[in-house]
Amino acid sequence: KAEVSIVNTAISRAVLTTSLEGKIPGEPVEALLTLPAEGIMKVILFTEMKGLRGKTLYHEWYRDGVRQARVKIPVNVDPQHSYSSKYINHQMLGKWQVKVLDVKSESYVVADFEVISH
């Protein structure tokens with residue numbers, strides 16, 4: 001499975017997956033993902049958090065060390081489920097990392113995976 005490290009206890013659950021049904025994440029992805037024949041896939045980072053109401057977190061998506069996306073996650077309820085996702089195509093193969101950070105860049109979750117072509 002992809003390595004998903006929860007580094008702050010306010011995060012009770014973090015799952016890297018390719019599907020989400022309501023508030024239920026699908027199976028965790030493998031560390032090495034093969035792009036499907038149709039040439040695009042969606043990867044989702046699902047998080048469940050407690051005791052962070054009023055804070056703002058960010059999901060930052062990196063490919064080969066370069067930030068590709070930054071998604072703002074305002075925490076309005078306690079507990080809260082949140083997710084962000086990234087569509088990945090043939091031009092975006094490589095080593096990926098998703099970080100959950102607060103406004104001071106303190107780390108909450110770090111997830112690593114790699115996407116290769118079929």
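Strands here are DSSP runs of at least two residues, numbered from the N terminus. With that in hand, let's work through a predicted model.

**Exercise 1. The start of the chain**

Task: Work out where Lys1 sits relative to β1, and whether Lys1 is buried or exposed.

Solution:
- Step 1. Strand β1 covers residues 3-6, and Lys1 belongs to the segment before this strand.
- Step 2. A residue is exposed when its relative accessible area is over 50%. Lys1 has 58%, so Lys1 is exposed.
- Step 3. Setting aside neighbours within four places in sequence, Lys1 has contacts with Pro28, Val29, Glu30 and Ala31.
- Step 4. For a distance to try in the viewer, take Lys1 and Thr18: they are 17 residues apart along the chain, and their C-alpha atoms are separated by 13 Å.

**Exercise 2. The overall fold**

Task: Describe the secondary structure of the protein chain, then decide how its radius of gyration compares with the globule rule.

Solution:
- Step 1. Count the elements: the protein chain has 0 helices and 11 strands. Read from the N terminus, the order is β-β-β-β-β-β-β-β-β-β-β.
- Step 2. For 118 residues the globule rule gives 13 Å, and the radius of gyration of the protein chain is 14 Å, close to that value; the chain is therefore as compact as a globular protein of that length.
- Step 3. Add the outline: along the principal axes, the C-alpha atoms fill a box of roughly 40 × 30 × 20 Å.
- Step 4. Look at the contacts. Among those in the protein chain with a separation of 6 or more, 64% are between residues 24 or more positions apart.

**Exercise 3. Surface and charge**

Task: Find what share of the residues is buried, and how far apart the mean positions of the positive and negative charges lie.

Solution:
- Step 1. Buried residues make up 42% of the 118 in the protein chain.
- Step 2. The accessible surface is about 6400 Å², and carbon and sulfur atoms hold 48% of this area.
- Step 3. The protein chain carries 15 positive and 13 negative charges, and the mean positions of the two groups are 8 Å apart.

**Exercise 4. The nonpolar core**

Task: Identify the residues that touch the most other members of the largest nonpolar core, and the strand that gives the most to this core.

Solution:
- Step 1. The largest nonpolar core has 28 residues, and those touching the most other members are Leu16, Leu57, Ile88 and Phe113.
- Step 2. Two or more residues of this core come from each of β2 (11-17), β6 (40-49), β7 (56-63), β8 (66-74), β10 (94-102) and β11 (107-116).
- Step 3. The most generous strand is β11, with 5 residues.
- Step 4. Now centre the view on Phe113. Leaving out neighbours within four places in sequence, its contacts include Leu16, Leu33, Val43, Trp61, Ile88, Trp96 and Val98.
- Step 5. Compare this with Val4, which is in strand β1. With residues up to four places away in sequence not counted, Val4 touches Ala14, Leu16, Val109, Val110 and Ala111. Its relative accessible area is 25%, so Val4 is partly exposed.

**Exercise 5. Backbone surprises**

Task: Locate the cis peptide bond between Asp78 and Pro79, then place Asp64 and Ser105 and give their phi values.

Solution:
- Step 1. Begin with the expectation: most residues other than glycine have a negative phi, and most peptide bonds are trans.
- Step 2. The bond joining Asp78 and Pro79 is cis, with omega about -5°. Pro79 is in the loop between β8 and β9 (80-89).
- Step 3. Asp64, although not a glycine, has a positive phi of about 50°. Asp64 is found in the loop between β7 and β8. Its relative accessible area is 47%, so Asp64 is partly exposed.
- Step 4. Ser105 also is not a glycine, and has a positive phi near 65°. The loop between β10 and β11 holds Ser105. With a relative accessible area of 53%, Ser105 is exposed.
- Step 5. Finish with a distance: Ser105 and Val66 are 39 residues apart in sequence, with their C-alpha atoms 16 Å apart. Val66 belongs to strand β8.

**Exercise 6. A loop residue and a distant partner**

Task: Place Glu38 among the strands and find how far it is from His90 in sequence and in space.

Solution:
- Step 1. Glu38 sits in the loop between β5 (32-34) and β6.
- Step 2. Its relative accessible area is 63%, so Glu38 is exposed.
- Step 3. Glu38 and His90 are separated by 52 residues in sequence, and by 10.0 Å in space from C-alpha to C-alpha.

Technical notes
Residues are numbered from 1 along each chain as its sequence is written. This is a predicted model: local features need pLDDT of at least 70, side-chain atom pairs count only at pLDDT 80 or more; totals for chains, interfaces and linings use all residues. Side-chain values use heavy atoms; hydrogens and water are left out. Helices (H or I, at least four residues) and strands (E, at least two) are DSSP runs, numbered from the N terminus. The radius of gyration is taken over C-alpha atoms; the globule rule is 2.2 Å times the number of residues to the power 0.38. Buried means under 20% relative accessible area, exposed over 50%, partly exposed in between (1.4 Å probe, protein chains only). Contact means heavy atoms within 4.5 Å. Accessible areas come from the Shrake-Rupley method with a 1.4 Å probe; for residues, only the protein chains shown count as cover. Lys and Arg count as positive and Asp and Glu as negative; His and the chain ends are not counted. The place of a charge is taken as NZ of Lys, CZ of Arg, CG of Asp or CD of Glu. A nonpolar core is a set of buried Ala, Val, Leu, Ile, Met, Phe, Trp, Tyr and Cys residues joined through side-chain atoms within 4.5 Å.
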